[in-house]
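Have the sequence and the model open side by side, and let's walk through them together. We will begin with a pair of rings and work outwards from there.

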Amino acid sequence: MRLIATFQHRHFAEWFWLAVSAAISILMGVLIMNNFPSSSLWLPGLLIAIELLLQGWSLLFLGFATKSLTIGKE
């Protein structure tokens, strides 16, 4: 879903951060599937923390891009 949202927000200059966040999400899913029994204790917490940081970072820059578009129209 995040990858689809990335392509819908390509008109913003910061759409790249949404794409990075989507790529990291896909990578995390693959890592969990490949090493599930041995990594089930520590990997989910680490990956969720990374995901939350990337999601916050991408939404912050998307908000800055939206703000710059609305300020320019006033």
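**A walk around the aromatic rings**

F61 and F64 sit 3 residues apart, about one turn of the helix, and both belong to helix α4. Helices here are DSSP runs of H or I with at least four residues, strands are runs of E with at least two, and both are numbered from the N terminus. Before going further, please keep in mind that this is a predicted model, in which local features need pLDDT of at least 70 and side-chain atom pairs count only at pLDDT 80 or more, while totals for chains, interfaces and linings use all residues. Residues are numbered from 1 along each chain as its sequence is written, and side-chain values use heavy atoms, with hydrogens and water left out.

Helix α4 covers residues 43-73, and F61 lies in it. A second ring in this helix is that of W57, 4 residues from F61 and again about one turn away. An α-helix has 3.6 residues a turn, so residues three or four places apart point the same way.

How many aromatic pairs are there? The count comes to 2, where rings of Phe, Tyr and Trp (its six-membered ring) pair if their centres lie within 6.5 Å; planes under 30 degrees apart count as stacked, over 60 as edge-to-face and the rest as tilted. W57 and F61 make an edge-to-face pair, with 4.9 Å centre to centre and 70 degrees between the planes. F61 and F64 form an aromatic pair that is also edge-to-face, at 6.1 Å centre to centre and 80 degrees between the planes. Ring pairs thus link W57, F61 and F64 into a cluster.

Are these rings buried or exposed? F61 counts as partly exposed because its relative accessibility is 21%; the cut-offs are under 20% relative accessible area for buried and over 50% for exposed, with partly exposed in between (1.4 Å probe, protein chains only). W57, with a relative accessible area of 39%, is partly exposed, and F64 is partly exposed at 46%. Elsewhere in helix α4 you will find L59, which is partly exposed at 48% relative accessibility.

Now look across to W15. The C-alpha atoms of F61 and W15 are 8.5 Å apart in space, although the two residues are 46 apart in sequence. For L59 and W15, 44 residues apart along the chain, the C-alpha separation is 9.6 Å.

W15 also joins F16, W17, W57, L60 and F64 in a nonpolar patch on the surface, with about 600 Å² of accessible area together. Such areas come from the Shrake-Rupley method with a 1.4 Å probe, and for residues only the protein chains shown count as cover. Patches are made of residues with over 30% relative accessible area and no salt bridge (a side-chain nitrogen of Lys or Arg within 4 Å of a carboxyl oxygen of Asp or Glu); like charges are joined within 9 Å, and nonpolar side chains (Val, Leu, Ile, Met, Phe, Trp, Tyr) within 5 Å. Helices α2 (15-34) and α4 each give two or more residues to this nonpolar patch. W17 lies in helix α2 and is partly exposed at 31% relative accessibility.

Which residues of α2 are buried? They are L18, A19, S21, A22 and M28.

Finally, zoom out. The protein has 4 helices and 0 strands, in the pattern α-α-α-α along the sequence. Of its 74 residues, 20% count as buried. The protein exposes about 5,500 Å², and carbon and sulfur atoms supply 74% of that area.
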